[in-house]
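Visitor: Please take a close look at a single part of this model and describe how it meets its surroundings. I would like the part to be chain B.

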Amino acid sequence: MNFTYWSWDTFFDALPFVLQGLGITVGLTITCYLFALTFGFVWTFLRRVPNKAFNWIVTWTMEFIRSTPPLVQLFFIYYAWPMIPGVGFALNPFASAVLGLGIHFSTYVGEIYRSGIESVDKGQWEASRALNFTTLDKWKKIILPQAIPPTIPMLGNYFIIMFKEVPLASTIGVAGIMLMANTYGAQNWAYLEPLTIVGIIFLVLSYPSAVLIKKLEVKMNTRFDKNAAVKSDQKGAVM
Amino acid sequence: MSEPIVKFQDVHKSFGDIKVLKGINLDIKPAEKVAVIGPSGSGKTTIIRMLMTLEEPTSGDIIVDSTNLWKMEKKGKMVKANEKHLRQVRGDIGMVFQHFNLFPHMTILENCMTAPIHVKKENKEEVRERAIQMLDRVGLGDKLNNYPSQLSGGQKQRVAMARALVMRPKIMLFDEVTSALDPELVGEVLEVIRDIAKHDDMAMVLVTHEMDFALDIADKVLFLDEGVIAEQGTASQVIEHSTNERLQGFLHRFRR
């Protein structure tokens, strides 16, 4: 049987058109990720404020953001936010997407930071105190340099997860590869080829990233095991 | 008689319902070497942890160099000290921990340099020189660029001492510094402490189970029992002439 649905002519016609959106897609991913990495710290430190009521509010705000679909959040920021009198103002699609996806993923990133910080031995805090570090230096020189490296593989995974969520931004008009493919499809009544291209692009970009992160994970694990071995040595000596 | 550099005045400490310290009164003179002995759970470590500002006393006053450590004056009233006040007073005190608490992401030289540079804002080259000198003194001059994970327990503890000494404290606290070590590594650490005790003129407070060692270097021995100082005096007073039965029992277990 002749496979009439697929046309290589269409494929190669659509390819440059779809690729026009690649810069936006990659740019949006990186911007969102940087936003999430930065804003993640805000959550982490807000949660550390020693006030029960405040803590409760922060925890539930994070929970709320995580339990709501990112698509709803995007629509809210792009369509609903400007309508709120007083505080609302309109943002362009790209900025809305950065804010929406960035905040959504920052709650996950914040949790990862928290797990990293909690894995730092209590003795490190006490030694920082005994050596009279300021609070800022304690975080900068002692705690974060130990807390963050073990979380790098996890943070990397979220980079890929977020990359795959970025096409959502096409729904509010960010002209990434997804919107370009959709536009091509609508104009030429040919969706199969452009959407296949989108799939291939995601595969080509995510797979190497995943391999890289896997390597990083192995590296971090061996490092972590070494530390674990040292720790169990100490315990042995106590007994 | 010189003024005490550390004074405890009726200091109490509870953890929840458990009263760990029940009224500690104590004077430590500059350059005095004080050994704190006693059964585990008697509150020995809590005493120096309060002095290092790692635990807050439930009541009472701790005076360091004529300044109240945990309280400060505000509008004519004594209120709980803030971090700024604590930092000011804490600067005179150094501590060595049972589990070393070296910074694993730094070489041992960096471990010794980071606080003088970032906390005391000293000149980096001077600090480097002093840190190398200090690491030489504790016998680790050939390991400057090693990481803590590459050292034995005894070596780590000697680095921890160098790290505290580089800060030039007026008071050094030692919290059971040999308890986490393999028996064959205890000697090298005690040697370093003995050297410090002999040559440096800072006050030292040692919480220890190394009885013979403590008695050897200490000017004053405190026997802590059930949250109070049950006996204190010179080593010979406490060991040989005390009639305190619990102290006798305690010592007996150590000197079979």
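Guide: What follows describes chain B in two steps, first its internal division and then its contact with chain A. The model is a predicted one.

The domain assignment splits chain B into domain 1, made of 1–64 + 171–256, and domain 2, covering 93–168. Taken over C-alpha atoms, the centres of domain 1 of chain B and domain 2 of chain B lie 24 Å apart. Where these domains meet, domain 1 of chain B contributes 26 residues and domain 2 of chain B contributes 19 residues. Together the two domains bury about 1900 Å², with 69% of that area on carbon and sulfur atoms. On the side of domain 1 of chain B, the residues that lose the most area to domain 2 of chain B are Met52(B), Met172(B) and Val192(B), which together account for 22% of what that side buries.

Polar and charged pairs also join the two domains. The count of salt bridges between domain 1 of chain B and domain 2 of chain B is 3. A salt bridge within chain B links Arg137(B) to Asp200(B), with 2.8 Å between the closest N and O atoms. Across the interface of the two domains of chain B there are 9 residue pairs in polar contact, both residues being at pLDDT 80 or more. As for secondary structure, the side of domain 1 of chain B that touches domain 2 of chain B draws at least two residues from each of α1 (44–51), β9 (171–175) and α6 (183–199) of chain B. Of these, α6(B) provides the largest share, 8 residues. By class, that side of domain 1 of chain B holds 18 nonpolar, 2 polar and 6 charged residues.

The second step is the contact with chain A. Here chain B supplies 33 residues and chain A supplies 21 residues. The two chains bury about 2300 Å² between them, and 56% of this is on carbon and sulfur atoms. The interface of chain B and chain A has 2 salt bridges. Glu126(A) and Arg49(B) form a salt bridge through their side chains, at 2.6 Å from N to O. In addition, 8 residue pairs are in polar contact across the interface of chain B and chain A, again with both at pLDDT 80 or more.

On the side of chain B that touches chain A, two or more residues come from each of α2 (83–90), β8 (93–96), α3 (108–118) and α5 (153–166) of chain B. With 4 residues, α2(B) gives the most to that side. The residues of this side of chain B comprise 16 nonpolar, 9 polar and 8 charged.

Conventions: Residues are numbered from 1 along each chain as its sequence is written. Chains are lettered from A and ligands numbered from 1 in the order in which they are written. This is a predicted model: local features need pLDDT of at least 70, side-chain atom pairs count only at pLDDT 80 or more; totals for chains, interfaces and linings use all residues. Side-chain values use heavy atoms; hydrogens and water are left out. Contact means heavy atoms within 4.5 Å. Buried area is the accessible area (1.4 Å probe) that two parts lose on being put together, summed over both. A salt bridge is a side-chain nitrogen of Lys or Arg within 4 Å of a carboxyl oxygen of Asp or Glu. A polar contact is a pair of N or O atoms within 3.5 Å; within protein, one must be able to donate a hydrogen and the other to accept it, and residues adjacent in sequence count only if both atoms are side-chain atoms. Ala, Val, Leu, Ile, Met, Phe, Trp, Tyr, Cys and Pro count as nonpolar, Asp, Glu, Lys and Arg as charged, and the others, Gly among them, as polar. Domain bounds come from an automatic or database domain assignment.
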